[in-house]
Amino acid sequence: MTFSNLLIQWYLQNKRDLPWRNTTNPYPIWLSEIILQQTRVAQGTPYFYNFLNQFPTVNHLAQADEQQVLKLWQGLGYYSRARNLHQTAQYIVNELDGIFPNSYAGLLRLKGIGEYTAAAIASFAYNEPVPVVDGNVFRVLSRYFGIESDISLGKTKKEFTALAAELLPKDQPALFNQAIMEFGALQCVPKSPSCEDCIFNTSCVALQKGLVGELPVKSKKLKVSHRYFNYIVVTDTNGNTKLQQRTDKGIWYNLYEFPLIETQKEEGFETIAPLIQNDASFGASVISIQEVNPISIVHKLSHQHLHIKFWKVTLDGALDDGVTDQQLKAFPFPIVIHNFIEDVWAK
DNA sequence: AAGGCGGGGTT
DNA sequence: AACCCAGCCTT
């Protein structure tokens, strides 16, 4: 039995029943693939159902406002995925008559679709024999074949893509691609895989050489920066608050937040209160300032640790652009702000 | 080629 | 605390 056939056999006996696997319609397949980029199945699945309910077809998605799409994406992270999803839906409807490109090469040209996602959609929807190479595939192949190349390098990705292409049975690409990813997700897991139960435990090179814990080799380490955010949560005489949209390149682009004072280090009342007092943008004078959480929340992104304090400020006038509690629910927020609104502000 | 981009689960 | 997750885009 070949590696590929064993893998497919394993898959047929062990696969999970996932909702995007029971179709060849490119729309739900595309949707699932974008949602699952750098995201676990368990985290992404509820979002998949919500999007499909709200936007049953690419036409529905194209007609939505970006704010509506971002709101539905709220909490999933990497928000450029949502913005690109929306733009690509509009492109498909307006420029391609609502028909998805029917090949790997065509899919690859769409915004938000890279090599992995193009191969996934092309194989799952059209049975085009193109191999997927994701984190699972790197892990499975590096271990089974004992490949010690650094997967952070572009050269290595080409190496693995070529190997996967050789292994791919041309008559059942969808099955093989699903199988190798599922095997990586369920059996050949990153840490402490149970190799004693593995169907490949007599042929896996990494197991024979004692390299399972070392593979795949990945050199790239990301460094974390620290930032200090002070969110000014105002209440005016109408009980309204103030929001702003993030329009600078960087985290949370196009999402909403409370007025922000960013400092170079963690600051206390003596430093922040005068800055709030002198902020003319409220158009009303400040009655009181209260530090909601004197110990800052540390909100950890993959590459930034945000030290966040919320400051409750009462105004004696009415905001021009005040937002009511009811309106607040429609804005897309970073999850840390959403949690503040739900857990602190609403109570 | 390198770095930015979320949030959460696992070890 | 470190690592990873059905990666992609910009520089």
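User: In this predicted model, which residue of β4 is the bridge partner of phenylalanine 229?

Analyst: That's glutamate 262.

User: What makes β1 and β4 count as paired strands?

Analyst: Pairing needs at least two DSSP bridges between the strands. β1 (residues 225–235) and β4 are joined by 4 bridges, so they qualify as a pair. The two run antiparallel.

User: Which side chains of β4 point to the buried face?

Analyst: Ile261 and Thr263 point to one face of β4 (residues 260–263) and are buried, while Leu260 and Glu262 point to the other face and are not. That fits the usual pattern, since side chains in a regular strand alternate between the two faces of the sheet.

User: Why is glutamine 38 called exposed?

Analyst: Exposed means over 50% relative accessible area. Glutamine 38 has 72%, so the label applies. This residue sits in the loop between α2 and α3, and its phi is near 55 degrees, a positive value in a residue other than glycine.

User: And why is asparagine 254 called buried?

Analyst: The cut-off for buried is under 20%. Asparagine 254 comes in at 12%, so it's buried. Its phi is positive too, near 75 degrees, and its place is the loop between β2 (244–245) and β3 (256–257).

User: How do α2 and α3 cross, left-handed or right-handed?

Analyst: Right-handed. The axes of α2 (residues 26–35) and α3 (residues 41–54) come within 10 Å and cross at roughly 140 degrees. Among the contact residues are Tyr27 and Leu31 of α2, plus Tyr47 and Phe51 of α3. By class, the contact has 8 nonpolar, 2 polar and no charged residues.

Notes:
Residues numbered from 1 in each chain as written. Chains lettered and ligands numbered in written order. Predicted model: local features only at pLDDT ≥ 70, side-chain atom pairs only at ≥ 80, totals over all residues. Heavy atoms only, no water. Buried < 20%, exposed > 50% of the residue type's maximum accessible area, 1.4 Å probe, protein only. Axes fitted to C-alpha atoms, helices over the stretch in contact; angles between N-to-C directions. Left-handed = near helix turned anticlockwise from the far one by under 90°. Contact = heavy atoms within 4.5 Å. Nonpolar A, V, L, I, M, F, W, Y, C, P; charged D, E, K, R; others polar.
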